[in-house]
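Biologist: I'd love a close look at one part of this model, the place where the two chains meet. Please walk me through what holds the two sides together there.

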Number of protein chains: 2
Amino acid sequence: MRKSDWSEFRKHGARPERIVWAVAEHEGQRSICPLGWKMNTSGSPLMMAISVAPQRFTHGLIEQSGEVVLAWPGENLAEATLLCGTHSGRDMDKFKEAGLTPASGEHVSAPLVEECVANLECRVVGRLTTGDHSVFACEILAVWLHDQPTRLCLSIDRSSGYDTLLDRDGRLFGAVKR
Amino acid sequence: MRKSDWSEFRKHGARPERIVWAVAEHEGQRSICPLGWKMNTSGSPLMMAISVAPQRFTHGLIEQSGEVVLAWPGENLAEATLLCGTHSGRDMDKFKEAGLTPASGEHVSAPLVEECVANLECRVVGRLTTGDHSVFACEILAVWLHDQPTRLCLSIDRSSGYDTLLDRDGRLFGAVKR
């Protein structure tokens, strides 16, 4: 064992990471923010926690509406993930630009994403500032599943057990090989 | 898209999940608590967040010491992960029972685990109650790496892209196939 650093750790201990989209809406504005930083955080009630940087447009929408949809992109949404992760919802409607279909949930105003593997309707029930991010604790009110779910879109490393979905500008997305 | 539930979601949207061990020590007592519920939560300062149930022995040790080591098990530690995840540190010394070697860090009293792929020395800098768990925000003070890191131990589903490391009592651990 030897002293190392974060960037070397990331080569060995930080992949694969599933990606989730935080989808939020407030007063007619909506956005999609792809995140790797999420975790389950309660079994009863069902809750997930997400980390979002305050400068993200989606951060404000979540904070102001108190709601978020957690949408899980499948293998066909790597390009959409890159587009949503490298642009701001201040400048574009990401649903339109990425060719995504908004759908209505039953509990929140934020849209579901028709093309995603799964969508979780969530209410924000807690918040903690952590360094340069906010943790939002999200109670899961409803679960929606795609009729034909694909494999999930993962943030991956360069090992050989994945089908590469996208490899551009240092961003590497894939799905576990079947 | 159709209404579903959490257990069906888990078949499509909840794997693979990397496993991390929360290792804590207080007043001569120590324990190891395997977790799937963890995320990065800050880039500067570097921080991770973990979710731990209050009834876990390790929860008390983290709370009382204000420290934790996040140790990342590799493919050779699936059995140790199962053992540590199905017993309480109240009843055994998990290092001894699992044949693990404690090592000293530089910033915290909690032991590193010599056999793990990586060890992160952490100080607890925030806490949030989320349903039936606590979120601990952990600032990363030092990173240690194994001299010969293996693939990570993952919680997996039954798809074919993994080498199965352990399959017992509904618990399925694996590593992405090379």
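Modeller: Happily, and a definition helps at the start: a salt bridge here is a side-chain nitrogen of Lys or Arg within 4 Å of a carboxyl oxygen of Asp or Glu. By that rule, chain B and chain A share 4 salt bridges. One of them joins the side chains of A:Glu17 and B:Arg18, with 2.5 Å from N to O.

Keep in mind that this is a predicted model: local features need pLDDT of at least 70 and side-chain atom pairs count only at pLDDT 80 or more, while totals for chains, interfaces and linings use all residues. Residues are numbered from 1 along each chain as its sequence is written, chains are lettered from A and ligands numbered from 1 in the order in which they are written, and side-chain values use heavy atoms, leaving out hydrogens and water.

Polar contacts add to the picture, with 28 residue pairs between chain B and chain A, both residues at pLDDT 80 or more. Such a contact is a pair of N or O atoms within 3.5 Å; within protein, one must be able to donate a hydrogen and the other to accept it, and residues adjacent in sequence count only if both atoms are side-chain atoms.

Taking contact as heavy atoms within 4.5 Å, 67 residues of chain B and 67 residues of chain A take part. The two chains bury about 5500 Å² between them, and 64% of this lies on carbon and sulfur atoms; buried area is the accessible area (1.4 Å probe) that two parts lose on being put together, summed over both. On the chain B side, B:Met1, B:Trp6 and B:Leu145 lose the most area to chain A, together 16% of what that side buries.

Which elements of chain B supply at least two residues each to the side that touches chain A? They are β1 (2–4), α1 (6–13), β2 (17–18), β5 (38–43), β6 (46–52), β9 (112–113), β10 (118–130) and β11 (133–145), where helices (H or I, at least four residues) and strands (E, at least two) are DSSP runs numbered from the N terminus. β11(B) gives the largest share, 8 residues. By class, this side of chain B has 33 nonpolar, 18 polar and 16 charged residues; Ala, Val, Leu, Ile, Met, Phe, Trp, Tyr, Cys and Pro count as nonpolar, Asp, Glu, Lys and Arg as charged, and the others, Gly among them, as polar.

β11(B) also joins strand β1 (residues 2–4) of chain A through 3 bridges, the two running antiparallel. There, A:Arg2 stands opposite B:Leu145.

How values were computed. Two strands pair if DSSP finds at least two bridges between them.
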